[in-house]
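Biologist: Please take a close look at one helix of this model, and then at the surroundings of the ligand.

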Amino acid sequence: MAKLLSLEKVSVKFGGLVALNEIDLSVNSGEIVALIGPNGAGKTTLFNLLTGVYKPTSGTIHYMGQNITKLEPFDRARLGIARTFQNTRLIKNMTVLENVLVAHPDCNSESILGSLFLFGKGRRRRDAIARECIDLLEVVGLHRKLDEWAGNLPYGEQRLLEIARAMATGCKVLLLDEPAAGMNGPEKKQLADKIGYLSRNFNLDMVLIEHDMGLIMNIADKIVVLDHGHKIAEGPPEEIQQNPKVISAYLGGEDDDFDGE
Ligand SMILES: Nc1ncnc2c1ncn2[C@@H]1O[C@H](COP(=O)(O)OP(=O)(O)O)[C@@H](O)[C@H]1O
Ligand SMILES: [Mg+2]
């Protein structure tokens, strides 16, 4: 498998606090990687590193063979690295379709308004962009809700809309920060199915932070476990599930939530 994204001995310090300590990590093409660990382990910091919001104190980050350690978030997004947030960042008083349109790189809110007056070629381009966005909404299963206010969607669908928005940016790697947070059982199942589907059919590589072990065990190819800024384990789900270090650090040795519900 080709290496897509890699961290080599990456550390992040906030003053005296070592949020990440010499982390090595690689994401191969076609892989779904799950990042787990207790609160404060450094998971969100790692995402911020991948998107360029934080720069490492030391170490390097490569993406498709390019050293991106010093690249700004905008440039990384252009290379195809996109993320969703732990709390949704939808524009609640815009429709579902508008939310995806404004995320499209060839389209912003100004040009949507401007495009009302377009004719000929400009209009065809506008229609093509709208078609692309509707297709993406179909992929995540929201094509029947194009005109609904984003803020009125049930929580699970808001997360799916966020994924469609990230995909509209043309991303190759999708970073999902706790995508199942706040979801009920059926919504989680729907999300897991969609994540698997996107990975298989859209060549999207995914890194997700998630607490729901049932979900992770089902969809992740590889699990990386962080604890207090250290990587304490890495491997396929069935191996991680048995790892005594993981069981004691992540679960305090007594939490029986590990195998799912
Ligand atoms: N911008 C920041 N400034 C100072 N400390 C931070 C900052 N971001 C995160 N931290 C600290 O880094 C550690 C890891 O945080 P975080 O990555 O959010 O953990 P997780 O997402 O695994 O819960 C925590 O101790 C947190 O308080
Ligand atoms: Mg976090």
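**One helix and the ligand shell**

Modeller: At the start of helix α7, a side-chain oxygen of Asn184 comes to within 2.9 Å of the backbone nitrogen of Glu187, a polar contact (N or O atoms within 3.5 Å, within protein a possible donor with a possible acceptor, and for residues adjacent in sequence only between side-chain atoms). This is a predicted model, in which local features need pLDDT of at least 70 and side-chain atom pairs pLDDT 80 or more, whereas totals for chains, interfaces and linings use all residues. Residues are numbered from 1 along each chain, and side-chain values use heavy atoms, without hydrogens or water.

Helix α7 (a DSSP run of H or I, at least four residues) covers residues 185–201. Its end C-alpha atoms are 24 Å apart, which agrees with the 24 Å expected for 17 residues at 1.5 Å a residue (1.5 Å times one less than the number of residues). Among its buried residues are Glu187, Leu191, Ile195 and Leu198 (under 20% relative accessible area, 1.4 Å probe, protein chains only). Asn203, which follows α7, has a positive phi near 50 degrees.

The residues around ligand 1 include Phe14, Pro38, Gly40, Lys43, Thr45 and Tyr54 (a heavy atom within 4 Å). Oxygen atoms of ligand 1 lie 2.7 Å from a polar backbone atom of Gly40, 2.8 Å from a polar side-chain atom of Lys43 and 2.5 Å from one of Thr45. Taken alone, ligand 1 exposes 560 Å², and the protein buries 61% of that (Shrake-Rupley, 1.4 Å probe). Helix α1 gives the largest share of the shell, 3 residues.

Key: Chains lettered and ligands numbered in written order. Helix = DSSP H or I, 4+ residues; strand = E, 2+ residues; numbered from the N terminus. Buried < 20%, exposed > 50% of the residue type's maximum accessible area, 1.4 Å probe, protein only.
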